[in-house]
Amino acid sequence: MRTAFIKQLTEEAKHNDKIFLVVGDLGFSVIEEFATLFPNRYINTGIAEQNMIGVSAGLAREGFNVYVYSIGNFPTQRCMEQIRYDVCYHELSVKIISVGGGYAYGSLGASHHATEEIGMLRTIPGIVICSPADPVEARKITSISANYDGAMYIRLGKAGEPIIHTDDLSHLTIGDIIPIKQSTSNIALLASGSILDYSVKFIKENEIDTSIYSLPFIKPLNKSQLIEIASKYKKIIIMEEHQKSGGVGSAILEQLCDIQYEGLIKYIPTIQRIAIDDKFYSLSGSQQYLRNIAGLTLKKSYFHI
């Protein structure tokens, strides 16, 4: 996913001289092409993430569309004050790129587990939050971000995520929910981020009749699509690699509650959230190992009402 992002950003920068890339002493073997082609639109600020956001805010005030690139929770949780005051309060065009969301850097321990940042960022006004599931979504969201004047957070996988989509998602717009598989079942599975691949494979291998949707955007969510989904299914399973509090499931429940209050749906479907419980997992291991430990797995029994 990170390769898809940087390749698309490089292509966008060839036609948009306002795109600027700021990194925190990482990305080597990934960002070299951009740095070589656009040396005057690239800065390595070193291991100083809070300063990195401040520098990016200053560049944005000068008219640049700035991309901040770092690992997991370092450009997010470490920089919440700077994101809130320097970027979002001033409505600046800064895109925060987090590489290795969830347990992607699982072998490096809890300091590198980015599992709370969506909930923290979601409460800050004026920021769009994205979590692409595969390289196709990553490329399209990068293209959208290059033409968006405002703050965005893009949560990428680490590397090697398989391609799920068979088209280029040319019609995707901010907030859209993407149908992956449609069925006549009254149960739907909604997944956000790279864990979608596991979800799709589980459904296929176990020959489960259910609809599947990808949620590349967490804030905002397409209201009309949510109304359609809530009206169509009796049960919705939400899969995410994030703390249960404040994550994707929380965002959907909040909006469904408001939609029902507005009289746009008669009832809220049964919601099952598969997310990380309210605890740290002080373990090191592969991403899938930590997903299993944290209970981020599906069971055939979930697809019965």
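Start by selecting Asp-278, which sits in the loop between β12 (270–276) and α10. You're looking at a predicted model, by the way. Is Asp-278 buried or exposed? Colour the surface and check: Asp-278 is exposed, because its relative accessible area is 74%, and the cut-off for exposed is over 50%.

Keep Asp-278 on screen and add Gln-243. Along the sequence, these two are 35 residues apart, yet their C-alpha atoms are 6.7 Å apart in space.

**Next stop: Ala-294**

Leave Gln-243 selected and add Ala-294, in the segment after α10. Here the sequence gap is 51 residues, and the C-alpha to C-alpha distance is 9.9 Å. Unlike your starting point, Ala-294 is buried, since its relative accessibility is 5%. Which residues is Ala-294 in contact with, leaving aside neighbours within four places in sequence? Show the side chains of Tyr-103, Ala-275, Ile-276 and Tyr-281, and you have them.

**Zoom out for a moment**

Switch to a cartoon view of the whole chain. You should find 10 helices and 12 strands. The C-alpha atoms fill a box of roughly 55 × 45 × 35 Å along the principal axes. How does the radius of gyration fit with a compact globule? For 305 residues, such a globule would have a value near 19 Å, and this chain has 19 Å, so the two agree.

The pairs you just selected were far apart in sequence, and there's a chain-wide figure to go with them. Take the contacts between residues at least 6 apart in sequence: 76% of them join residues at least 24 apart.

Now turn on the surface. The accessible area comes to about 13,000 Å², and 50% of it belongs to carbon and sulfur atoms. Inside, 59% of the 305 residues count as buried. If you colour by charge, you'll pick out 29 positive and 32 negative charges, whose mean positions are 5 Å apart.

**Into the cores**

Hide the surface and select Ile-83, Val-94, Leu-121, Ile-127 and Ile-252. The largest nonpolar core has 44 residues, and these five touch the most other members. Apart from that core lies another one, made of 37 residues; Ile-6, Leu-21, Met-152 and Ile-154 are among them. Nonpolar side chains tend to be buried together in soluble globular proteins.

Go back to Ile-252 and zoom in. Beyond its neighbours within four places in sequence, Ile-252 is in contact with Leu-190, Leu-215, Leu-221, Leu-226 and Ile-238.

**Helix α7**

Select residues 195–205, which make up α7. Which of them are buried? Light up Ile-195, Leu-196, Asp-197, Tyr-198, Ser-199, Phe-202 and Ile-203. Then colour the elements that these buried residues pack against: the helices α6 (135–146) and α10 (287–293), plus the strands β7 (178–181), β8 (187–191), β9 (211–214) and β11 (235–243). After the helix comes Glu-207, with a positive phi near 50°.

**A cis bond and two more positive phi values**

Move on to Lys-219 and Pro-220. The peptide bond joining them is cis, with omega at about -5°. Pro-220 belongs to the loop between β10 (217–219) and α8 (223–232).

Next, pick Leu-169 in the loop between β6 (151–156) and β7. Leu-169 isn't a glycine, but its phi is positive, near 55°. With a relative accessible area of 8%, Leu-169 is buried.

Now compare Asp-25, in the loop between β1 (19–23) and α2 (32–37). Asp-25 isn't a glycine either, and its phi is positive at about 60°. Where does Asp-25 fall between buried and exposed? Asp-25 counts as partly exposed, because its relative accessibility is 36%.

**Last stop: Gly-46**

Keep Asp-25 visible and select Gly-46, in the loop between β2 (42–44) and α3 (49–61). Gly-46 has a relative accessible area of 18%. Buried means under 20%, so Gly-46 counts as buried.

Which residues does Gly-46 contact, leaving aside neighbours within four places in sequence? Val-23, Gly-24 and Asp-25. To finish, draw a distance from Gly-46 to Val-23: the two lie 23 residues apart in sequence, with their C-alpha atoms 7.4 Å apart in space.

Conventions. Residues numbered from 1 in each chain as written. Predicted model: local features only at pLDDT ≥ 70, side-chain atom pairs only at ≥ 80, totals over all residues. Heavy atoms only, no water. Helix = DSSP H or I, 4+ residues; strand = E, 2+ residues; numbered from the N terminus. Rg over C-alpha atoms; globule rule 2.2 N^0.38 Å. Buried < 20%, exposed > 50% of the residue type's maximum accessible area, 1.4 Å probe, protein only. Contact = heavy atoms within 4.5 Å. Areas by Shrake-Rupley, 256 points an atom, 1.4 Å probe, with all protein chains shown as cover. Lys, Arg positive; Asp, Glu negative; His and termini not counted. Charge placed at Lys NZ, Arg CZ, Asp CG, Glu CD. Core = buried A, V, L, I, M, F, W, Y, C linked by side-chain atoms within 4.5 Å.
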